[in-house]
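Welcome to the tour; please open your viewer and keep the selection panel handy. We will go stop by stop.

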Protein chains: 4
Amino acid sequence: MIIQLEPNISAAQKESVLLELKNRKLKIVDVKTQINQYLVAIGKVDFDLRQVGHLEGIRDLHVVTDAYQLVSKKWKTSPSQINLGDGVVIGEGSLSLMAGPCSIEDESKTETVAKFLSEQGVKIMRGGVFKPRSSPYAFRGLGVDGLKMFYKVCRKYGIKIISEVMQVSQIAEMYDYVDVFQVGARNTQNFNLLDELGKVDKPVLIKRGISGSVDELLQSAEYVFSGGNEKLILCERGIRTYETSSRNTLDLNSVPILKEKSHLPVIVDPSHGIGIREFVEPMSLAAVAAGADGIIFEIHDEPEKAASDGAQTLNFEEAAQLVKRVRSLYDLRTSW
Amino acid sequence: MIIQLEPNISAAQKESVLLELKNRKLKIVDVKTQINQYLVAIGKVDFDLRQVGHLEGIRDLHVVTDAYQLVSKKWKTSPSQINLGDGVVIGEGSLSLMAGPCSIEDESKTETVAKFLSEQGVKIMRGGVFKPRSSPYAFRGLGVDGLKMFYKVCRKYGIKIISEVMQVSQIAEMYDYVDVFQVGARNTQNFNLLDELGKVDKPVLIKRGISGSVDELLQSAEYVFSGGNEKLILCERGIRTYETSSRNTLDLNSVPILKEKSHLPVIVDPSHGIGIREFVEPMSLAAVAAGADGIIFEIHDEPEKAASDGAQTLNFEEAAQLVKRVRSLYDLRTSW
Amino acid sequence: MIIQLEPNISAAQKESVLLELKNRKLKIVDVKTQINQYLVAIGKVDFDLRQVGHLEGIRDLHVVTDAYQLVSKKWKTSPSQINLGDGVVIGEGSLSLMAGPCSIEDESKTETVAKFLSEQGVKIMRGGVFKPRSSPYAFRGLGVDGLKMFYKVCRKYGIKIISEVMQVSQIAEMYDYVDVFQVGARNTQNFNLLDELGKVDKPVLIKRGISGSVDELLQSAEYVFSGGNEKLILCERGIRTYETSSRNTLDLNSVPILKEKSHLPVIVDPSHGIGIREFVEPMSLAAVAAGADGIIFEIHDEPEKAASDGAQTLNFEEAAQLVKRVRSLYDLRTSW
Amino acid sequence: MIIQLEPNISAAQKESVLLELKNRKLKIVDVKTQINQYLVAIGKVDFDLRQVGHLEGIRDLHVVTDAYQLVSKKWKTSPSQINLGDGVVIGEGSLSLMAGPCSIEDESKTETVAKFLSEQGVKIMRGGVFKPRSSPYAFRGLGVDGLKMFYKVCRKYGIKIISEVMQVSQIAEMYDYVDVFQVGARNTQNFNLLDELGKVDKPVLIKRGISGSVDELLQSAEYVFSGGNEKLILCERGIRTYETSSRNTLDLNSVPILKEKSHLPVIVDPSHGIGIREFVEPMSLAAVAAGADGIIFEIHDEPEKAASDGAQTLNFEEAAQLVKRVRSLYDLRTSW
């Protein structure tokens, strides 16, 4: 059960609410986000809601039967939007495009991409400086210094940054230089990381786990939300199956399902989702047709020379066509 | 290696070609379809192709390194079209819509659906009379009598029929009353059935197996083609994964991949692919955006009363909206 | 609900039982196997069982809530045994070993294997003459002539035969020359084949589907049993997963689960289950430790020259060691 | 390529070796573990090994073509053993049994279990104080205070402790109170955690990921080893598949495969692997039959009251029987 509190609830009022809930043997989680104040009450709700609902300081009260609560659409039926400032908003009402190289490389390459994105009207650049790699001997990214350079370049072009955070200690290091923290597929259930991201006031995009379920993704988002951060974005990036003709199996079923279960924006990563350069465009179109709020994809001015993921990375010509087409498809979809 | 023969090749010419191939230790499969004559030569091609290619009676000769040969796009780069007559063509250049109930029920219900489809300009009706069911105690369909009734109704409305064939003996029984034989996901690797369908001159739509790979689907199509029937349609219908929030995991990655690997038309079944009625439309749109040549989906005038699959079946209002939208999306896609 | 009838129930008595059941809106399937007579009543059982149970001609009556009925352990708690004659029994109380080549080859090779098995006290020889192959161009087996030769050789050595049947028409062709019909993993849900095998009085071993669930395997067995043949054996052979270091993922969890859910014997196929020759022995031992009633595995006098599946086929020395070890492990297990 | 250095290699000698390697464009990782000193050289080895091998200070030199190096059996063919002191050794030559509750609860319960284990001769107790939970609202364990109590109890009974570490900051907190750090299935690819565990001199048991491959498990172990800690144990605990009749699909194929690919000990967790209490024993037996070096399983004096995982937890009577039987099976296996 979610109890949304009035912003000006007094300490005494809150105390009474807590008392009433505890008397009913509910476990209470006190959640104060950047935007609102909530109490999440876990346990059996077998009493008349009005017994609690009439108390002063309560704005609203909803019973949610899902394992996840605050991210559920059952209590918040209007879609959430994440405002990055400067008119860049993620969620219902806009198509968010995020593009960039798999790994951030040198400044000149970074600038080439940022300039291209700026010309295309793409407002968010992706790029990893901490890279999760199966092998300890593979390239692991430029680290914070790379991020600072990435930040400088992007600010010059008025572009927002999304970059992956892999561990708790990186949150503070990265904080000043990112607009959106990305949680990668291998960290979707890194609960300590999620807990800490709950304390941050910057948006977090959470990728679905390598073989994560839709419900697990929502519960991971619930970690961050209940920790105090409701600026959340969900991301479908393909799951692991027996099929070997594509890198992953992009599960676009998850798009309408997530949009039905949650009020959070849903973004799709077709680059990892199929892993084959020439098919990133059709899968991007499919994602937008299925109802995605945006896509995040890999580009590079010379994909064949990219430090990682070249086989799924678009060049500028391909990217420009993709951007044009997904926009016209989005326009069609929103005209209905 | 595929050797396409001239239609008027003489017996003596063919004998010379076969001799040349056998001398090179190739295993030869002689394929005569409704349309063309081929020799498929299996084995190592380590000689100069011109040694064979100059022989009389040969139109063309292609080395294909895939496990599948005749269905490969490597030798036939132009997309194949399947003509059902009366202007109904499946494949490049048209968007094929196939709709109908999971199981054919009584005549009045069948007519209601056929009439609706006719009003919507949908030219192909689906409906099972032989139903593969996990349990021996479940409803197994009306059988051939149901098919005859189904046929009569469809002819009245000028609509073509696609219906599932489950075993060899049903091919002859069904032959006069179907326009397209459907091979279901549980029979994708029923090789005897595929062999027999190779001898038929009516089109065959093959669904991807329950957990079939893209390559297995192509090899199953190769069975039918090499058996003599090149009127083939491939169908993505979702695969089995660990995810439980949808009935199957619709693998739309397979659409551009199949279109790249094969010249055959690719149809998507969003009804089985997601299994949730309200999401059949977004997945249909996604399928068309990904490049599908058509969709096959379940409708019923009263889905809640359907004999099977009600939970994924659209009512007429939903279906009319879906048809309108996929058509406008297809128009957009083909305008690029 | 399963109603086991007395063998000497009169027509009139049976009529009364049927009437009582139909009055309660149950759908009745009349099952007469080689051994017993049953009525399977499908539908809601919301009445006092004694209202039916007291009728004459009924031996016993059980409510089974599983989707499968006759194969359930809920009504038949003692394990079933399949007697092949000459002292060869499959099921509780004996460890069944079945071995042989993937495909039957020439008579001399067949005899070499049969002789070896006979020396080892292995009483059942496996070998395919109809081979399901993904590609239409691969070797498809010797057919019925090969089976006749196989039969002749086995009878000479007093060995029983298990061989795969792929389609309905092969049942009659094979009938005189097999002791056990094998349904392969691609045919586990070939329901027409299962229906026909229900009419046969010879045992049937059903392999779990390529990505079949435990419950689907039981329901496939239910098809055969409800068709009239209760001489059934279940076989775990590995499932399809994302893991590529082995051919399939042998799911030994299914062994205790199947033994708990069903009274039928459970055999394991470690050759297909792991697909790597040197690990067939440890997986055989694991299968027996998990409670399997036997194993079926591939051997060849020269595995590297086998017509198919050489990479997972044991030579005689390896096979002899395996046989010795699984027997001593079985002895240990049954001593507890 | 792995270059094992002499323990007394001089700085100058090492410099020469490094120079030779760098001249050949190899990337060098300098690894100093508790036991040995290595250089791992990544890159193409296309020169005569003797050109490097003759240098002073080199003990041995091996080319390993796997993605993992130091954990590979290709350079270290003898099995590794992990000595916990007091005669408790994990690996070839002993059967390691680790048992305990899912979560550590109060002192009295902990003592009851420790006493039972001590009576059974089980030398290692498992128990979580940091619990990874899908939902933020679930019980997350007692934390370090619980661990201190757990430690005190175990020392009293002469029992070693294995407990899960979830994040970098917990390593130092836990260090004094554990004998083996456990990396859970959700953290198998938490590379920062693995890096830090490489700096520790206590053993680490790494569970296979929720849907991790065998090769990924080995590469995760490579992270720890190349970080400086070669006291490593691999653990199979079941993978995520479509099958729902068990909690996970215990992949015992991985046991002989891991033992062939790596010199590290392999332990199996049948409790998570099947998730059904009455089948933990057969799967434990199967694991040992397949070649496992030990098992880790959940026990509780009152499983139905356990704080978590009660459905897969054995009571003492069941555990005592399991211990007895796996030991006799292990004796049989090692007698061959």
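Contact here means heavy atoms within 4.5 Å. This is a predicted model, in which local features need pLDDT of at least 70, side-chain atom pairs count only at pLDDT 80 or more, and totals for chains, interfaces and linings use all residues. Residues are numbered from 1 along each chain as its sequence is written, chains are lettered from A and ligands numbered from 1 in the order written, and side-chain values use heavy atoms, with hydrogens and water left out.

Start by selecting chain A. Its C-alpha trace spans about 65 × 40 × 40 Å along the principal axes. Buried residues (under 20% relative accessible area, 1.4 Å probe, protein chains only) make up 65% of its 336 residues.

Next, select B:H263 in chain B. Is this residue buried or exposed? B:H263 is buried, with a relative accessible area of 3%. Show its neighbours, leaving out residues up to four places away in sequence: B:H263 touches B:L70, B:V71, B:S72, B:K73, B:W75, B:K76, B:S78, B:P79, B:S80 and B:F225. Zoom in on B:L70, whose backbone oxygen is reached by the side chain of B:H263 at 2.7 Å.

Now display chains B and C together. A turn of 180° and a shift of 0.0 Å along the axis lay chain B on chain C with an RMSD of 0.0 Å, superposed by least squares on the C-alpha atoms of residues with pLDDT of at least 70 in both. The two copies are thus related as by a two-fold rotation axis. Which residue of chain B comes closest to the rotation axis? Select B:S211, with its C-alpha at 3.1 Å. Finally, colour the interface: 100% of the interface residues of chain B are also interface residues in chain C, so the copies meet through the same surface.

Definitions and conventions: Buried means under 20% relative accessible area, exposed over 50%, partly exposed in between (1.4 Å probe, protein chains only). A polar contact is a pair of N or O atoms within 3.5 Å; within protein, one must be able to donate a hydrogen and the other to accept it, and residues adjacent in sequence count only if both atoms are side-chain atoms.
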